[in-house]
Amino acid sequence: MTMSPLKMTKKILIIGSGFSSISAATYLADKGYDVTVFEKNSSFGGRARKFVANGFTFDMGPSWYWMPDVFEKYFNDFGKSVSDFYNLKKLDPAYRVYFGKNDYIEIEDSLEKISETFEKIEKGASKNLLKFMAEAKINYSVAMEKVVYKPGKSILELVTPGTIRRLRYFTTNIKSEVSRYFKNKKLRQLMEFPVLFLGAKPENTPAFYNIMNHADFGLGTWFPEKGGMYKVVESMINLAKEKGVKFKSEHNVEEIIVSEKKVKGVISNGKEFSADIVISGADYNHTEKLIPNHLKNYDDSFWDKKVFAPSSLLFYLGLNKKVKKLPHHNLFFDVDMNDHASEIYDNPKWPESPLFYLNFPSLSDKSMAPDGCENCFILIPIAPDLEDKEEIRERYLNIVLKRIEDISGEKISDNIIFKKSFCVNDFIDDYNSYKGNAYGLANTLFQTSIFKPKMKSKKIKGLYFTGQLTVPGPGVPPSLISGKIVSDVVMQDFLY
Ligand SMILES: Cc1cc2nc3c(=O)[nH]c(=O)nc-3n(C[C@H](O)[C@H](O)[C@H](O)COP(=O)(O)OP(=O)(O)OC[C@H]3O[C@@H](n4cnc5c(N)ncnc54)[C@H](O)[C@@H]3O)c2cc1C
């Protein structure tokens with residue numbers, strides 16, 4: 001690669017080591033910039049860190065590997081392929097959804113098999129599913145080719161023949177769209193589930209996000225072998241290092257140094273580090289606390305009005321038994337989805353009867369638990385900013401363990417030999433997360449694309465933002481994309 005000597009001299013400091021930061025770092029180092037990542041924690045990966053305890057390996061955050069094409073594109077951009085770094089296994093079943101005691105639907109690994117399952121539940125649903133999915137696939141292509149890799153600077157970015165033809169999908173929501181195709185309540189819930197990843201209620205999420213249905217049933221659920229989700233973090237860091245990126249853990253950025261409205265560097269651990277450009281992959285609101293108040297892009301009232309994606313109560317459990325009755329990914333939708341959604345978004349409080357998600361990664365990768373054992377992860381979505389106390393966490397653990405045992409018949413409570421929880425206070429302490437949110441800003445219509453917080457500081461030259469609070473939004477694939485977009489924006493501004 002040829003590069004101008006001037007570009008070589010540009011020093012970029014990236015705050016945080018989440019997916020978006022690692023992605024941005026790799027793209028920029030590849031183009032010859034001098035890039036260093038400062039991470040406050042002792043390990044890298046942000047919300048996707050891992051920890052090892054008593055022989056169990058836990059992925060701390062993401063566990064669903066969806067949209068494999070986005071990961072492939074990332075590695076391809078550097079002349080590599082996913083398979084140069086890790087092998088992917090397609091899970092079958094992809095996941096199981098419980099609606100009551102011994103009442104569940106399993107989503108298998110192909111659209112053909114899934115449509116057969118749908119037909120058994122509702123006559124005609126197979127045909128309708130294929131119709132729905134054909135539309136979702138078109139939207140996915142439009143999104144990938146025309147929308148998600150754009151910086152969200154201007155509405156004109158969205159005006160393309162492809163998007164104009166799909167305009168209808170921005171004027172209706174996913175709940176109404178699903179109800180046009182399916183009558184059965186369980187099928188409707190299955191079709192609404194994928195957009196929960198985007199952090200808002202299905203009725204507040206544009207139908208265009210049926211792209212998530214294509215990601216789910218169309219592209220499938222995958223698992224990175226020999227290491228789980230952290231394998232992706234490791235692989236990306238290895239590639240970034242190959243490109244020259246330097247990674248520094250335990251480097252909390254306490255201040256972004258600004259002089260005459262230009263970035264000059266940062267202060268970390270009490271020391272000054274100079275930089276021409278600072279990109280922050282840390283939560284946006286926190287980053288703006290590191291600069292003078294009058295130079296912020298957004299004040300606190302802006303953030304207060306935003307719809308945040310949920311926080312979560314998480315449990316990492318080590319079991320001294322092998323699990324026999326449950327597959328890798330399980331969703332417990334055996335209670336009213338609307339009640340729980342309302343307790344997250346409309347009237348924030350600890351839920352009466354929560355929906356929750358349970359996984360056992362060691363079913364797919366034995367190395368993640370000692371012999372004869374299983375590792376277990378439980379996620380209960382909750383509103384951000386809730387009171388977080390040990391006794392509340394414990395109460396919910398007992399509630400969900402009882403539900404798991406009653407509904408699936410798999411006994412767990414007496415087999416727990418390791419237990420760690422993570423909730424609102426930890427999201428704040430560990431990641432400087434705004435109100436303890438887990439997945440950033442929800443992708444409602446007015447928080448999509450051009451409505452997302454901007455990637456570039458309006459008042460400070462050389463300061464940029466990336467990650468799940470910026471375009472395109474929450475999730476691992478969007479964070480990879482966010483890193484690419486911000487690197488393009490930086491390169492446009494600092495290309496000589
Ligand atoms: C429990 C959970 C489950 C999830 N499940 C999935 C899933 O299954 N599939 C999926 O696709 N997505 C999932 N997500 C979402 C996905 O993990 C995130 O969208 C993505 O990892 C966010 O990456 P990011 O780069 O925006 O930031 P983050 O991962 O939040 O990284 C920000 C980093 O900045 C660091 N930082 C903050 N302040 C400072 C400072 N002052 N100085 C230095 N460093 C600082 C933080 O420590 C952190 O490491 C999940 C998220 C959570 C929390």
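Are tyrosine 27 and tyrosine 74 buried or exposed? Both are buried (under 20% relative accessible area with a 1.4 Å probe, protein chains only). This is a predicted model, where local features need pLDDT of at least 70 and side-chain atom pairs count only at pLDDT 80 or more, while totals for chains, interfaces and linings use all residues. Residues are numbered from 1 along each chain as its sequence is written, and side-chain values use heavy atoms, leaving out hydrogens and water.

**View 1. The shell around the ligand.** Here 37 residues surround the ligand (a heavy atom within 4 Å of it), and Ser20, Glu39, Arg47, Trp64 and Gln468 are the closest. Helices α2 (19-30), α16 (424-431) and α17 (476-493) each chip in at least two shell residues (helices are DSSP runs of H or I, at least four residues, numbered from the N terminus).

**View 2. Polar side chains at the ligand.** Look for the side chain of arginine 47, with an N or O atom 2.4 Å from a ligand oxygen. Glutamate 39 puts a polar side-chain atom 2.5 Å from an oxygen atom of the ligand.

**View 3. A tyrosine pair.** The ring centres of tyrosine 27 and tyrosine 74 are 5.8 Å apart and the planes meet at 80 degrees, so this pair is edge-to-face (centres within 6.5 Å, planes over 60 degrees apart). Tyrosine 27 belongs to helix α2 and tyrosine 74 to helix α3 (residues 68-76), 47 residues apart.

**View 4. Charges over rings.** Arginine 96 sits over the face of tyrosine 104, 4.0 Å from the ring centre (the rule: CZ of Arg or NZ of Lys within 6 Å of the centre and within 35 degrees of the ring normal). Likewise, the charged end of lysine 73 is over the ring of tyrosine 149, 5.3 Å from its centre.

Terms used:
A polar contact is a pair of N or O atoms within 3.5 Å; within protein, one must be able to donate a hydrogen and the other to accept it, and residues adjacent in sequence count only if both atoms are side-chain atoms. Rings of Phe, Tyr and Trp (its six-membered ring) pair if their centres lie within 6.5 Å; planes under 30 degrees apart count as stacked, over 60 as edge-to-face and the rest as tilted. Buried means under 20% relative accessible area, exposed over 50%, partly exposed in between (1.4 Å probe, protein chains only).
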